[in-house]
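Please load the structure in your viewer and keep the sequence at hand, ready to select short stretches as the tour moves along.

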Amino acid sequence: SVREVSAVSLCRKHLGRDVVPVLDPTLLLSREEYASVCSSVPVNGAKYVCCYMLDPTPEQKKMIEDFARDKHLQLIMFSAHEALTYSVEEWLAMFRDATCVVTDSFHGTVFSLIFQKEFYSLLNSSRGATRFESLLSQFALESRVVSRLDQIKEAIDWSVVESYKSKLVLSSLDFLRNGLS
């Protein structure tokens, strides 16, 4: 199996293998299951932008600060590269409680989907743009990959996303069950 749809043809071409695209394993658990993991973390009632950036540029930082200010939201910016002191539970709660998310991280995008947060995925080509494109195309959310935060005007229809997700989870779990039996 592969996580990116684009890898199906690559595996066929370069390895002579037919493979099946499946969801990233983090998407196989429900929002409720992740919420139970971070249930001991008090809910942050503030309205804030959760900004999880792996490789922020000074221009992106300024753009995100301006975005939060224009939306009258606090900004909580964190990265895996700094002296991150969040526990797994606290990290999950950052996404759980956010008003919206700005990220250049694949898993930041994944947890935005899981917790149904309006999100903006800033393309991070050095970390694999096809992962973002493949993931979001499965949910008809390709427009969420942006270079500027003013590019998106429409809200996400979470009922449509959940419909796609439930089908993809079922097919991914079926693949795993068949492979393990």
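Which residues of strand 3 (residues 100–103) point one way, and which the other way? Select the strand and show its side chains: Cys-100 and Val-102 point one way, Val-101 and Thr-103 point the other way, and all are buried, where buried means under 20% relative accessible area with a 1.4 Å probe and protein chains only. In a regular strand the side chains alternate between the two faces of the sheet.

This is a predicted model, in which local features need pLDDT of at least 70 and side-chain atom pairs count only at pLDDT 80 or more, while totals for chains, interfaces and linings use all residues. Residues are numbered from 1 along each chain as its sequence is written, and side-chain values use heavy atoms, with hydrogens and water left out.

Next, add strand 1 (residues 48–52), which pairs with strand 3 in the parallel sense over four bridges; strands (E, at least two residues) and helices (H or I, at least four) are DSSP runs numbered from the N terminus, and pairing requires at least two DSSP bridges. Here Val-49 stands opposite Cys-100.

Then select strand 4 (residues 118–122), which also pairs with strand 3 in the parallel sense over four bridges, with Phe-119 opposite Val-101.

Finally, go to Asp-24, in the loop between helix 1 (6–15) and helix 2 (31–37). Asp-24 counts as buried because its relative accessibility is 5%. Its side chain is joined to that of Arg-3 by a polar contact of 2.7 Å, a term for N or O atoms within 3.5 Å, where within protein one must be able to donate a hydrogen and the other to accept it, and residues adjacent in sequence count only if both atoms are side-chain atoms.

Methods. Buried means under 20% relative accessible area, exposed over 50%, partly exposed in between (1.4 Å probe, protein chains only).
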